[in-house]
Amino acid sequence: MSRYAEPMARLIEELKKLPGVGAKSAQRYAFHILRSSDEDADALADAVRVLKTSLRLCSICNNVTDVDPCVYCTSPSRNQRVVCVVEEPTSIAAVERSHYQGVYHVLHGTLSPLHGVGPDQLRAQTLLRRAEHGEVDEVILATSPTLEGEATADWLATALRGFPVKISRIATGVPAGSDIEYADEVTMARAMEGRRAM
Ligand SMILES: [Zn+2]
């Protein structure tokens, strides 16, 4: 049985669903929100609501966006024919640190047979279609250098092979087994420069 009044217990239960938030942190956050001003509490609740109602996936690259197509896919200053493939929308920030000037394609995951993620679960279809229609000159595979990331890059390289497109894989300037999200600017720039053909 919870020692807390029902509204407090309810908020703690919701906060505990967040990644990395255990019972203790959830209680701390809930009491912080209780002590904060009405405006701050409202702003938090409103930000969560607006996030869910206004954001969607870009119909071209699957990036999370409030406008479709997203800012990258409509940018006249970016090379729309060079596509960098990443696992998650959060990986884009890491690649941006390399001063990359092409566009993106977000897979929202990697191949993971153990977790039941096969090629059909990856969001690769729009990329394959663009390559098939000759809309892409180069595909840079920037999945993480983990087992799943490498398997995903290999699978995509094979799937793209029949199309007139240059395929490259980022260099291992990104430490093997790590997530590209945590790569710093220099490492990421080297990884992009040192990419090799697949
Ligand atoms: Zn887009």
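The following dialogue looks at nonpolar cores and salt bridges in one predicted model.

The structure is a predicted model in which local features need pLDDT of at least 70 and side-chain atom pairs count only at pLDDT 80 or more, while totals for chains, interfaces and linings use all residues. Residues are numbered from 1 along each chain as its sequence is written, and side-chain values use heavy atoms, with hydrogens and water left out.

Student: Which elements give two or more residues to the largest nonpolar core?
Tutor: A nonpolar core is a set of buried Ala, Val, Leu, Ile, Met, Phe, Trp, Tyr and Cys residues joined through side-chain atoms within 4.5 Å, where buried means under 20% relative accessible area, exposed over 50% and partly exposed in between, with a 1.4 Å probe and protein chains only. The largest core has 21 residues, of which C84, V86, V95, Y100, Y104, I170 and M192 touch the most other members. Helices (H or I, at least four residues) and strands (E, at least two) are DSSP runs numbered from the N terminus, and those giving two or more residues to this core are β3 (79–86), α4 (91–96), β4 (102–106) and α7 (185–193).

Student: Which residues does Y100 touch, not counting residues up to four places away in sequence?
Tutor: Contact means heavy atoms within 4.5 Å, and Y100 is one of the residues that touch the most other members of the largest core. With residues up to four places away in sequence left out, Y100 touches R78, V82, V83, C84, V95, I140 and M192.

Student: How many residues apart in sequence are the parts that E96 and R78 tie together?
Tutor: A salt bridge is a side-chain nitrogen of Lys or Arg within 4 Å of a carboxyl oxygen of Asp or Glu, and E96 forms one with R78, the closest N and O atoms being 2.6 Å apart. Because E96 lies in helix α4 and R78 in the loop between β2 (64–65) and β3, the pair ties together parts separated in sequence by 18 residues.

Student: Is R78 buried or exposed?
Tutor: Its partner E96 is partly exposed, with a relative accessible area of 26%. R78 has a relative accessibility of 12%, so R78 counts as buried.

Student: What is the relative accessible area of R169?
Tutor: R169 forms a salt bridge with E150, with the closest N and O atoms 3.2 Å apart. R169 lies in strand β6 (residues 166–169) and E150 in helix α6 (residues 147–160), so the pair ties together parts 19 residues apart in sequence. E150 counts as partly exposed at 26% relative accessibility, whereas R169 is buried, its relative accessible area being 2%.
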